[in-house]
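The following exercises concern surface composition and charge pairing. Please work through each task with the sequence and coordinates at hand before reading its solution.

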Amino acid sequence: MEQRYTTFSLLLINISRCVQRIKNVEMTALGLKGKQVQCLFGLYNCPEGVNLTKLGEMCGEDKGMMSRTVKELTEEGLVYVEKEGGRKYKNPIRLTEKGEHIAQIVAEKISAILEEGSVGISDDERSQLYRSLGVILENLTHICKNYDPQ
């Protein structure tokens with residue numbers, strides 16, 4: 001049991017570290033930050049735009065972090081927030097033309113790295129891995145809910 005925990009934890013921690021390192025190095029080459037990858041990629045896949053709350057859900061980040069990231073990307077001229085009424089978190093966020101170009105580069109880099117990172121794994125194996133990780137996440141989420149005061 002102890003070995004299962006150690007193996008599982010170390011695999012996840014080291015995969016996460018590698019992903020963060022790759023994001024940081026690749027984004028630095030574009031003059032951006034690693035934390036901006038998810039936001040750019042999410043908006044690239046939603047050309048109609050999404051509000052801050054939805055973008056945060058897509059990226060696995062809270063509204064505060066997403067707000068700071070969107071602000072940075074706005075200052076870089078990569079995204080803009082449509083002004084619709086006074087509800088800041090409800091307004092759609094979209095890529096600018098420059099943002100589209102950068103996001104396309106990011107998407108191509110992600111595709112190439114995913115391809116290289118999955119060498120030796122069949123599509124069926126990858127699907128099973130994702131299904132298994134999804135079940136583990138559901139189970140751990142259920143366990144975590146038991147820790148939250150009701």
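**Exercise 1. Determine which helices each supply at least two residues of the nonpolar patch, and which helix gives the most.**

Solution. The model is a predicted one. Helix 1 (2-28) and helix 6 (123-147) each supply at least two residues of the nonpolar patch. The patch covers about 830 Å² and is made by Phe8, Leu12, Leu129, Tyr130, Leu133, Ile136, Leu140, Ile143 and Tyr147. With seven residues, helix 6 gives the most.

**Exercise 2. Classify tyrosine 130 as buried or exposed.**

Solution. Begin with its location: tyrosine 130 lies in helix 6, and Tyr130 is one of the residues making the nonpolar patch. Next, apply the cut-off, by which a residue is exposed when its relative accessible area is over 50%. The relative accessibility of tyrosine 130 is 51%, so the residue counts as exposed.

**Exercise 3. Establish which parts of the chain are tied together by the salt bridge of glutamate 26 with lysine 109.**

Solution. Side chains of opposite charge can pair when their charged atoms come close. The criterion here is a side-chain nitrogen of Lys or Arg within 4 Å of a carboxyl oxygen of Asp or Glu. In the pair of glutamate 26 and lysine 109, the closest N and O atoms are 2.7 Å apart. Because glutamate 26 lies in helix 1 and lysine 109 in helix 5 (residues 97-117), the pair ties together parts that are 83 residues apart in sequence. Glutamate 26 counts as partly exposed at 25% relative accessibility, and lysine 109 counts as partly exposed at 28%.

**Exercise 4. Locate the partners in the salt bridge of lysine 35 with glutamate 72, and state which residues are linked with them in a network.**

Solution. The closest N and O atoms of lysine 35 and glutamate 72 are 3.1 Å apart. Lysine 35 lies in the loop between helix 1 and helix 2 (37-44), and glutamate 72 in helix 4 (residues 63-75), so this pair ties together parts 37 residues apart in sequence. Lysine 35 is partly exposed at 34% relative accessibility, whereas glutamate 72 is buried, with a relative accessible area of 18%. The network of salt bridges links Lys33, Lys35 and Glu72.

**Exercise 5. Describe the placement of aspartate 123 and arginine 126 along their helix, and give the count of salt bridges.**

Solution. Both residues lie in helix 6, three residues apart, which is about one turn of the helix. Their closest N and O atoms are 2.5 Å apart, forming a salt bridge. Aspartate 123 is exposed, with a relative accessible area of 55%, while arginine 126 is partly exposed at 22%. The count comes to six salt bridges.

Key:
Residues numbered from 1 in each chain as written. Predicted model: local features only at pLDDT ≥ 70, side-chain atom pairs only at ≥ 80, totals over all residues. Heavy atoms only, no water. Patch = residues over 30% accessible without salt bridge, like charges linked within 9 Å, V, L, I, M, F, W, Y side chains within 5 Å. Areas by Shrake-Rupley, 256 points an atom, 1.4 Å probe, with all protein chains shown as cover. Helix = DSSP H or I, 4+ residues; strand = E, 2+ residues; numbered from the N terminus. Buried < 20%, exposed > 50% of the residue type's maximum accessible area, 1.4 Å probe, protein only.
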